[in-house]
Every structure is written in C-alpha cells, then in structure tokens.
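I opened my notebook to record what I could look up in one structure. I went slowly and kept the cut-offs beside each term.

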Amino acid sequence: MINLKLRLWRSTRQERTMALPNQEFLWGIFRSVDRDGSGFINTSELQQALSNGTWSPFNPETVRLMIGMFDRQNRGQIGFDDFGALWKYVTDWQNCFKSFDRDNSGNIDKSELQTALTTFGYNLSDNLMNTLVRKFDRVGNGTILFDDFIQACIVLHTLTSAFRQYDTDQDGVITIHYEQFLGMVLSLKM
Ligand SMILES: [Ca+2]
Ligand SMILES: [Ca+2]
C-alpha cells in the first residue's frame, strides 16, 4: 500500500498515463460527464462529476488544478485523449484518501494528515499541521474532505518543489532576494 501511495505521489505525467482503464468503459464515463456533448469536459462539468462525500460542491480550486495538470493542449478543458489519465489520477487519489482515513469518517483529521504527509516524505511540525488543517478545512470542523485533501497535497508539493530549487544543499534553509521571491511565487502554477 505504501508503495502505491509513494508511486502516486512521485508519478510523472508519463507514468500517470500508463495502465489506463478500458477505452470503452472510459468513453461511457466521458460521455456522461460531458453533459453538453461538446466533446470536451470543462471545469463545471468536471466539478459536477466529482464528489467529496458530502452534498457540498467539489472544491473548484481542486478542479481547476486538475484540469490544468491534464490539459496538454492548453484548451482550458479536457478532451477524451487526456481523460483517461485524469480519471486514473482521481481514482488513485480516492484510494489514497481511503487508506489514510483510518477511522472511515469520510474526512482526514490532523493525525491522519500527519501520517499521510509523513508517508509522502514530509517532516512538518505540529504547528504547521494545525495551520494546514485550518487552511484546507472548508467545512470548519477541524478535518479535511477528499477534494480539499487533494488541493492541500498539490499545493504543498508545488511549494516544496519551488523551495527545493533554491535549497541546493538540501538543508531546509534558503536565502533569496526580494525579486527572486516574487519571481518564485508568481511562477507557481497553483
Ligand atoms: Ca462539455
Ligand atoms: Ca478520518
């Protein structure tokens, strides 16, 4: 299980496109998600197709991040050619979320988040865990839902990668100029 999680975490786009489900099966899903029959899935169609386990709409930020990740032609929407990889990404996250939701509550509490992030290779203080839960808890009950969990992991990954570009000796400390900082933040895709 841990191997699978790590693989998901480190997987490149190329790996994500491997081992896709059956094309006919995918086509069926694609057509049902593509509500207006345009041949493309836009953010609102994808949002309606996804569930976070409650009646509240799927986090629009997570939808936007996922479309951005799999929209290779920069069309702002997903054609069938990119849909398989996107669908696999979502189901991998579902499995990942379920495995870290130890008490099957349908959400991730602070200690479950701690386990997840440690498994992903992060070493974060208790203080920062509290900050993360506060930031990504959209419901306000101290836990993180599926859609917010994906957003939290993508954001953390993006920020960590940006930091690592400057942290060449990997000691967890960087010294950067104001303009470098602005350049770093402004170039983030999140
Ligand atoms: Ca459509
Ligand atoms: Ca839980």
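My entries below take up a metal site, a helix and a core.

Before starting, I noted that this is a predicted model, where local features need pLDDT of at least 70, side-chain atom pairs count only at pLDDT 80 or more, and totals for chains, interfaces and linings use all residues. Residues are numbered from 1 along each chain as its sequence is written, chains are lettered from A and ligands numbered from 1 in the order in which they are written, and side-chain values use heavy atoms, leaving out hydrogens and water.

**Metal site.** I looked up which residues hold the calcium ion (ligand 2), and found Asp101 (OD), Asp103 (OD), Ser105 (OG), Asn107 (O) and Glu112 (OE, listed twice) coordinating it at 2.2 to 2.6 Å. Donors here are N, O and S atoms within 2.8 Å of the metal (3.2 Å for Na, K and Ca), and water is not among the atoms, so sites may look incomplete. In sequence, the spacing of these donor residues reads D-x1-D-x1-S-x1-N-x4-E. I then checked burial (buried is under 20% relative accessible area, exposed over 50%, partly exposed in between, with a 1.4 Å probe and protein chains only). Asp101 counts as buried because its relative accessibility is 5%, and Asn107, at 15%, is buried too.

**Helix α5.** Helices (H or I, at least four residues) and strands (E, at least two) are DSSP runs, numbered from the N terminus. In α5, residues 60–70, I found buried residues including Val63, Met66 and Phe70.

**Core.** A nonpolar core is a set of buried Ala, Val, Leu, Ile, Met, Phe, Trp, Tyr and Cys residues joined through side-chain atoms within 4.5 Å. The largest has 44 residues, with Phe83 and Trp93 among those with the most contacts inside it, and α6 (80–100) is one of the helices that each supply at least two residues. Helix α6 gives the most, 10 residues.
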